[in-house]
Amino acid sequence: MKKFVHIAPLVIFMFLILALFSFLQRDNNQLNSVLIDKNFPEFNLTKLENKNVVLTKGDISNFPAIVNVWATWCITCRIEHPFLLELKQESKINIYGLNYKDNRQKALNLLERDGNPFEFSIFDKEGSLAIDLGVYGAPETFLINADGIIKTRHVGALTPEVWDKKFVIHLK
Amino acid sequence: MKTVIFSIILLLSQVIASLEAENLEVGKELYPFESHDSEVRFNRLLEDYRCPKCQSSNLAGSNAPIAMDLKLEIYRLVRAGKKDSEITEFLTQRYGDFILYKPPFQSSTYVLWIGPFVLLFLAMLLVLAFKRNQQNKGADRNIAELKRQLEFDQSNK
């Protein structure tokens, strides 16, 4: 008992150090999405490419698919853009865009210039669908599996490493 | 001279005061409410929810674009007469419990809520053990003292 009392502070201190270091390792920028294992939310928005076409949830129908939240004002989106083009070329996944709080003409110009990896983009000027998806910063990418269920969400640039680590496992 | 400086300062302070009043007016117009109660409720709600982007500040204190959007959404919900619980549900269904500054009491947060009391209990045990130890030492010392006294008395008989 006496011995224990003497080493107790040391034990507690070491435990604290371990606990705090484990918190440091955590990636706080990646919030867990509440929508994992749920269906894609309902929406009613125009198509980026044609403002007279109204899109709904039913238009995202070719699964598996990813929905990529992007905008022309978003710098990181430019960084992941080549990888999205590569995905379109080399994988069978369908890529849908969610153009987030953007200017329609600017967005179209960017796709014209840099290439368009998307089947189509949903034009979410007010960010209403983005709020329903729990989006808090572009770019974000949602993976929808073959059954139409959201399986993962990545915040930040989609890179080959992220793709292999977080996305491929849900596609088997 | 003194009076000139004094009157300039007075003038300046009034200009600043009127500017500030103007700012307050502008702030009011951003989120206009029909009733004072709704406005108070709106402002309180903004204090209670966390900005998902900046994470260390509430919605009221954040100018991140997403915080602005959520403020507007909460403004709409308050004006539509939604209850606090309904607004909280709206936000947690999209952003999770993370958006709440006060986390709910559930299995994943037991450590958070109960942990401090467990630590307090352990600390009290330690203090008690330490005290008892000291008392025992004191008692031992007293007995030793008495024994010595007794031996001394006996040898002096």
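**Exercise 1.** Does B:Ala129 count as buried, exposed or partly exposed, and why?

*Solution.* Keep in mind that this is a predicted model. Start by placing the residue: B:Ala129 sits in helix H5 of chain B. Next, look at its surroundings: B:Ala129 has 15 C-beta neighbours inside 10 Å. Now apply the cut-offs: a residue is buried with 20 or more such neighbours and exposed with 12 or fewer. B:Ala129, with its 15, therefore counts as partly exposed. As an extra step, compare sequence and space: B:Leu72 is 57 residues away from B:Ala129 along the chain, and their C-alpha atoms are separated by 57 Å.

**Exercise 2.** Work out how H2(B) and H3(B) cross, and which residues make the contact.

*Solution.* Begin with the axes: those of helix H2 (residues 36-48) of chain B and H3(B) come within 10 Å and cross at roughly 145°. Then take the hand of this crossing, which is right-handed. Now list the residues: H2(B) supplies B:Ser38, B:Arg41, B:Phe42, B:Leu45 and B:Leu46, while H3(B) supplies B:Lys71, B:Ile74, B:Tyr75, B:Val78 and B:Arg79. Finally, sort them by class: six are nonpolar, one is polar and three are charged.

**Exercise 3.** Describe the side of chain B that touches chain A.

*Solution.* First, count the residues on each side: chain B gives 14 to the contact and chain A gives twelve. Second, find the elements of chain B that provide two or more residues: helix H3 (65-79), helix H4 (84-95) and helix H5 (110-155). Third, divide this side of chain B by class, which yields seven nonpolar, three polar and four charged residues.

Methods: Residues are numbered from 1 along each chain as its sequence is written. Chains are lettered from A and ligands numbered from 1 in the order in which they are written. This is a predicted model: local features need pLDDT of at least 70, side-chain atom pairs count only at pLDDT 80 or more; totals for chains, interfaces and linings use all residues. Helices (H or I, at least four residues) and strands (E, at least two) are DSSP runs, numbered from the N terminus. Ala, Val, Leu, Ile, Met, Phe, Trp, Tyr, Cys and Pro count as nonpolar, Asp, Glu, Lys and Arg as charged, and the others, Gly among them, as polar. Axes are lines fitted to C-alpha atoms, for helices over the stretch in contact, and angles run from 0 to 180 degrees between N-to-C directions. A crossing is left-handed if the near helix is turned anticlockwise from the far one by less than a right angle, and right-handed if clockwise. Two residues are in contact if their C-beta atoms, placed from the backbone, lie within 7 Å.
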